[in-house]
Amino acid sequence: MSNTGHFCNVAIPHTRLGVLTYHYEPEVFSALAPGDCVRVRLRGKKVKGLVLDILTQAPVPKTLPVEKLVEPALVDAGLLGLLLLIGSGLLLRSFARLL
């Protein structure tokens with residue numbers, strides 16, 4: 001996987017890893033946006049995560065794919081911005097309660 005293309009940073013609750021970068025196919029996920037709930041793999045297991053932002057370059061050489069859009073706009077832009085401003089720890093705890 002090239003490190004240029006379509007990527008997103010995903011917050012995954014109940015893990016110490018915090019935010020991970022995944023790639024996605026724009027043909028499949030054309031409207032992927034911050035605040036969407038997606039299914040990704042973490043250590044081989046399917047988990048839900050919250051898209052924090054969309055990227056055109058990955059900060060890492062290898063990424064895994066987004067597998068499914070679970071819930072579009074689970075968290076609206078205003079609330080997501082507030083949670084990011086307050087801090088990632090609160091973001092992960094708040095998102096975990098929505099699942």
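**Figure 1. Close-up of Arg41 and its salt-bridge partner in the predicted model.** At a relative accessibility of 31%, Arg41 counts as partly exposed, and the model in which this residue is viewed, here and in the legends that follow, is a predicted one. Arg41 forms a salt bridge with Glu67, in which the closest N and O atoms are 2.7 Å apart. Because Arg41 lies in strand β3 and Glu67 in the loop between β5 and β6, the pair ties together parts of the chain that are 26 residues apart in sequence. Salt bridges that share partners join Arg41, Glu67 and Arg39 into one network.

**Figure 2. Close-up of Arg39, with the same acidic partner, Glu67.** The search of the whole structure finds two salt bridges; in the one between Glu67 and Arg39, the closest N and O atoms are 3.4 Å apart. This pair, too, links distant parts of the chain, with Arg39 in strand β3 and Glu67 in the loop between β5 (64–65) and β6 (68–71), 28 residues apart. Arg39 counts as partly exposed, at 24% relative accessibility, and Glu67 likewise counts as partly exposed, at 28%.

**Figure 3. Close-up of His23 in strand β2 (residues 19–23), shown together with Glu67.** His23 and Glu67 are 44 residues apart in sequence, yet their C-alpha atoms are 9.5 Å apart in space. His23 is buried, with a relative accessible area of 10%, whereas Glu67 is partly exposed at 28%.

**Figure 4. Close-up of the largest nonpolar core, which has 12 residues in all.** The core is made up of Cys8, Val10, Ile12, Tyr22, Tyr24, Phe29, Leu32, Val38, Val40, Leu42, Val51 and Val66. The elements that give two or more residues to this core are β1 (4–11) and β3 (37–42), and the largest share, three residues, comes from β3. Apart from this core lies another, of five residues, which includes Ala11, Leu50, Leu52 and Val75.

**Figure 5. Close-up of the surroundings of Tyr22, one of the residues of the largest nonpolar core.** When its neighbours within four places in sequence are left aside, Tyr22 is in contact with His6, Phe7, Cys8, Val10, Ile12, Val40, Arg41, Leu42, Thr63, Leu64, Pro65 and Val66. Across the chain, among contacts between residues at least 6 apart in sequence, 64% join residues at least 24 apart.

**Figure 6. Close-up of the cysteines Cys8 and Cys37.** Cys8 counts as buried, at 0% relative accessibility, and Cys37 is also buried, with a relative accessible area of 1%. A search of the whole structure finds zero disulfides. Cys8 belongs to the largest nonpolar core. Buried residues make up 38% of the 99 residues in the chain.

**Figure 7. Close-up of two loop residues with positive phi, His14 and Arg43.** Most residues other than glycine have a negative phi. His14 has a positive phi of about 65° although it is not a glycine; this residue lies in the loop between β1 and β2 and counts as exposed, at 73% relative accessibility. Arg43, which is not a glycine either, has a positive phi of about 55°. The loop that holds Arg43 is the one between β3 and β4 (45–57), and Arg43 counts as exposed, at 69% relative accessibility.

**Figure 8. Close-up of a nonpolar surface patch of about 420 Å².** The patch is made by Leu79, Leu82, Leu85 and Ile86. Leu79 lies in helix α1 (residues 77–86) and is partly exposed, with a relative accessible area of 40%. For the chain, the exposed area is about 5,900 Å², of which carbon and sulfur atoms supply 56%. To place helix α1 and the strands named in the other legends, the chain has two helices and six strands, and from the N terminus on its elements run β-β-β-β-β-β-α-α.

Note on methods
Residues are numbered from 1 along each chain as its sequence is written. This is a predicted model: local features need pLDDT of at least 70, side-chain atom pairs count only at pLDDT 80 or more; totals for chains, interfaces and linings use all residues. Side-chain values use heavy atoms; hydrogens and water are left out. A disulfide is a pair of cysteine sulfur atoms within 2.5 Å. Buried means under 20% relative accessible area, exposed over 50%, partly exposed in between (1.4 Å probe, protein chains only). A nonpolar core is a set of buried Ala, Val, Leu, Ile, Met, Phe, Trp, Tyr and Cys residues joined through side-chain atoms within 4.5 Å. Helices (H or I, at least four residues) and strands (E, at least two) are DSSP runs, numbered from the N terminus. Contact means heavy atoms within 4.5 Å. Patches are made of residues with over 30% relative accessible area and no salt bridge: like charges are joined within 9 Å, nonpolar side chains (Val, Leu, Ile, Met, Phe, Trp, Tyr) within 5 Å. Accessible areas come from the Shrake-Rupley method with a 1.4 Å probe; for residues, only the protein chains shown count as cover. A salt bridge is a side-chain nitrogen of Lys or Arg within 4 Å of a carboxyl oxygen of Asp or Glu.
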